[in-house]
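Please look over the sequence and the structure before reading on. The paragraphs after them go through selected parts one at a time.

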Amino acid sequence: MSRFYDRVALTLAFVAVLGSVAIMLCVGAKVSDPDYFNYIGRCLLAGRRLYTDIWDCKGPVLYVIATLGTFIHPVAGQNLLFAAFFVADLVLFHGLVRQIGGCRPGLCTLLFAVLVLAVGNFTILGRQEMLVCLLVLTGLRIQGRFAPWGDLLTGMCAGLVFFIKPNLISFLSVPLVQGLQTAVRTGTWGRFALRCLCLALGFAFVLLVVTACFFPDAVEDLWYGALLWNLLERSQNRPSWLGFWQEALASWEYWRSFAWIIPIFWPLLVLGCVRVIASRNWAWSCWVAWALLETAAAFAAPWFYAYYVIVACLPVALLVASAPHQVAAERKDGRFVALVAIVVLLCVGLKVRPLWRHIKAAPLRTS
């Protein structure tokens, strides 16, 4: 029966993505950050130089991808490309759950897909976090394998993620915690040191290569745009972390627009962590560490948008819907099917009204 649930859930995950693609192609995507990414892609195709002729507060990797999407099609190309990335994310995530010995990979994948699509009102597919998920899942699939090359490539994936959104490299906690646990258990500290070195070398290699691409006159602008502006300029004239949340959580408009994810995401995070603690399978503590660090990265800044949690939905979905084999049992499958079904219905139900408004407004935008 569990295999049946798995196949149905995985199919529904792909159906949800295809449904969002259909909505986007028929009525257009909601106006958001991806439109600016697409604009920069057009500028780069026209021969302008990033950080010299055109500037933004993100690293160059995202804009290289945006340029590719614009080359495919000047309007829908980027969204179609990111939809393909999203499908690849689902395939990689399903495989990752099976690779680490988890159960219910289909339910995990469905839960992740619906949370992410709901964040974008089922109409925004060009989020940079979807590209980050592809790099993160690639790194996690190869880390610890083909030693030492797997860890070297994982470090390179982290370097690429850094140039998209620096605070999303916390997935490196997975190989680090795994390596530390193995070293403590077996005394192979040399191997742990080698893994850390390979991760660091791969990370540094990407940073050096990307920096070299902007010699001699745009290196300072590269690092200011990719990192320093977000740390220094963006934090100016902002309320304190506590002050922001006091004001935001008291605003119905904020709840309606963004914070609906909080009463769904946080209980899932707590439930996932409690399940691992109850199982006493400490090999899964690396996924708990990643979930906590990724969540902290999403909520740490004195502002918050729902799409900040997209990458954090990966470990949360893994912890909630999967489990170590020794605590998994088919008789419990019904509980997790019901839990995922409730979350799916909540996410869809909360987004029906804004989605309908978007569809009704489409003729006004295209006329």
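What follows is a walk through a predicted model, from single helices to aromatic rings and a pocket.

A convenient place to begin is helix α5, which covers residues 105–119. At 1.5 Å a residue, its 15 residues should span 21 Å, and the C-alpha atoms at its ends are indeed 21 Å apart, so the expected and the computed length agree. The helix is mostly covered, with 15 of its 15 residues buried. Asn121 follows α5 and has a positive phi, near 55°.

Helix α4, residues 77–99, contains Gln78. Is Gln78 buried or exposed? Its relative accessible area is 2%, and because buried means under 20%, Gln78 counts as buried. The side chain of Gln78 reaches the backbone oxygen of Pro34 at a distance of 2.7 Å. Leaving aside residues up to four places away in sequence, Gln78 touches Pro34, Phe37, Asn38, Ala66, Gly69 and His73.

The next topic is the aromatic rings. A pair of aromatic rings is described by the distance of the centres and the angle of the planes. How many aromatic pairs does a search of the whole structure find? The search finds 29. One of them joins Phe82 and Phe85, whose ring centres are 5.4 Å apart and whose planes stand at 75°. Planes over 60 degrees apart count as edge-to-face, so this pair is edge-to-face. Phe82 and Phe85 are 3 residues apart in helix α4, which means that about one helical turn separates them. Both Phe82 and Phe85 are buried.

Another pair is made by Trp245 and Phe304, with ring centres 5.6 Å apart and planes at 40°, so it is described as tilted. Trp245 lies in helix α11 (residues 241–249), while Phe304 lies in the loop between α14 (285–299) and α15 (313–321). The pair therefore ties together parts that are 59 residues apart in sequence. Trp245 counts as buried at 7% relative accessibility, and Phe304 is buried with a relative accessible area of 1%. Trp245 and Phe304 also belong to a cluster linked by ring pairs, whose members include Trp241, Phe244, Tyr254, Phe258, Trp266 and Phe299.

Phe299 leads on to helix α14, where it is one of the buried residues. The 15 residues of α14 reach 21 Å from the first C-alpha to the last, close to the 21 Å expected at 1.5 Å a residue. Among the other buried residues of α14 are Cys286, Trp287, Val288, Trp290 and Glu294. What covers the buried residues of α14? The covering elements include α4, α6 (128–142), α8 (173–186), α11, α13 (262–279) and α15.

The structure also has pockets to consider. About 620 Å³ of space lies in the largest pocket. It is lined by 25 residues, of which Lys30, Asn121, Arg256, Ser257 and Lys351 are the closest to its centre. Asn121 is the residue already met after α5. The elements that give two or more residues to this lining are α12 (252–257) and α16 (333–366), and α16 provides the largest share, 7 residues.

A last stop is Glu220, found in helix α10 (residues 219–231). Its relative accessible area is 68%, and because exposed means over 50%, Glu220 is exposed. The C-alpha atoms of Glu220 and Tyr51 are separated by 9.1 Å, although the two residues are 169 residues apart along the chain.

Conventions. Residues are numbered from 1 along each chain as its sequence is written. This is a predicted model: local features need pLDDT of at least 70, side-chain atom pairs count only at pLDDT 80 or more; totals for chains, interfaces and linings use all residues. Side-chain values use heavy atoms; hydrogens and water are left out. Helices (H or I, at least four residues) and strands (E, at least two) are DSSP runs, numbered from the N terminus. The expected span of a helix is 1.5 Å times one less than its number of residues. Buried means under 20% relative accessible area, exposed over 50%, partly exposed in between (1.4 Å probe, protein chains only). A polar contact is a pair of N or O atoms within 3.5 Å; within protein, one must be able to donate a hydrogen and the other to accept it, and residues adjacent in sequence count only if both atoms are side-chain atoms. Contact means heavy atoms within 4.5 Å. Rings of Phe, Tyr and Trp (its six-membered ring) pair if their centres lie within 6.5 Å; planes under 30 degrees apart count as stacked, over 60 as edge-to-face and the rest as tilted. On a 1 Å grid over the protein atoms alone, a cavity is a set of points where a 1.4 Å probe fits but cannot get out, and a pocket is an open set with protein on both sides within 12 Å along at least five of seven lines; lining residues have an atom within 4 Å of a point. Grid points are joined across faces, edges and corners, and a volume is the space filled by probe spheres set on the points.
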